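Please open the structure in a viewer and keep the selection tool at hand. The tour below proceeds from stop to stop, stating what to select and what is found there.

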Amino acid sequence: MKEKLAKLPVNEHKIFDVELWLEQMALKGFFLTETVGSWWYFEKREPARVLYRLAPIDGKRGECDEARQKEYLKNGWRYVMTHRTLYHILRADDPDTAEFYTNSKLQEMALKWQVDDGGGGNSAVHWGLFV
């Protein structure tokens, strides 16, 4: 398996820029496997048009529990990893996959994360980007 190391070329807080960059990398055949600060690791595979989305962090430890991962997967979104304590990174291998917050169950879960976080942490900040 070939790997590529690339420095994130955009501000990690610019959600849509990060998503676009990850999608462009996949078109070149590089799929995210890990992040270490601003250095991001990719696995080389067959180029493909995929979608990446950054989801609000859940809880203080930044974990994406199994129930949430299953709900994402049921709707076509695969949990890739969590970047720092900022967001979860999800990938849809089918570019026609519905946006995950158009699904009422997932939207309800996101709202719950915002409330659970007390509205003062990263969840509340990032939730506003997905409405």
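Select Gly76, just after helix α2, where this residue takes a positive phi of about 95°. Helices (H or I, at least four residues) and strands (E, at least two) are DSSP runs, numbered from the N terminus. The model is predicted, so local features need pLDDT of at least 70 and side-chain atom pairs count only at pLDDT 80 or more, whereas totals for chains, interfaces and linings use all residues. Residues are numbered from 1 along each chain as its sequence is written, and side-chain values use heavy atoms, with hydrogens and water left out.

**Helix α2**

Next, select residues 66-74, which form α2; Arg68, Glu71 and Tyr72 are buried there. Buried means under 20% relative accessible area, exposed over 50%, and partly exposed in between (1.4 Å probe, protein chains only). Viewed down the axis of α2, the buried residues fall within an arc of 100°, so they line one face of the helix; the arc is that of the directions from the helix axis to the C-beta atoms. On the face turned away from the buried side, select the exposed residues Glu66, Ala67, Lys70 and Lys74. Then add Asp65, which caps the N-terminal end of α2 through a side-chain oxygen 3.2 Å from the backbone nitrogen of Ala67.

**Arg84 and Thr35**

Move to Arg84, in the loop between β5 and β6. Most residues other than glycine have a negative phi. Arg84, although not a glycine, has a positive phi of about 50°. Its relative accessibility is 46%, and therefore Arg84 counts as partly exposed.

Now select Thr35 in strand β2. Is Thr35 buried or exposed? At 13% relative accessibility, Thr35 counts as buried. The side chains of Thr35 and His83 are joined by a polar contact of 2.9 Å. A polar contact is a pair of N or O atoms within 3.5 Å; within protein, one must be able to donate a hydrogen and the other to accept it, and residues adjacent in sequence count only if both atoms are side-chain atoms.

**Strand β4 and its partner**

Select residues 51-56, strand β4, in which 6 of 6 residues are buried. Add residues 87-92, strand β6: the two strands run antiparallel and are joined by 6 bridges. Two strands pair if DSSP finds at least two bridges between them. Within this pair, Leu54 stands opposite Ile89.

**The nonpolar cores**

Which residues have the most contacts inside the largest nonpolar core? They are Leu22, Leu32, Trp40, Phe42, Tyr52 and Ile89, in a core of 21 residues. A nonpolar core is a set of buried Ala, Val, Leu, Ile, Met, Phe, Trp, Tyr and Cys residues joined through side-chain atoms within 4.5 Å. The elements giving two or more residues to this core are α1 (15-27), β2 (30-36), β3 (39-44), β4, β5 (78-83) and β6. Helix α1 provides the largest share, 6 residues. A second, separate core of 8 residues includes Leu51, Ala55, Tyr72 and Leu90.

Centre the view on Leu32. Leaving aside neighbours within four places in sequence, Leu32 is in contact (heavy atoms within 4.5 Å) with residues including Leu22, Trp40, Val80 and Ile89.

**The whole protein**

Finally, display the entire chain. The protein has 4 helices and 6 strands, in the order β-α-β-β-β-α-β-β-α-α. Buried residues make up 44% of its 131 residues.
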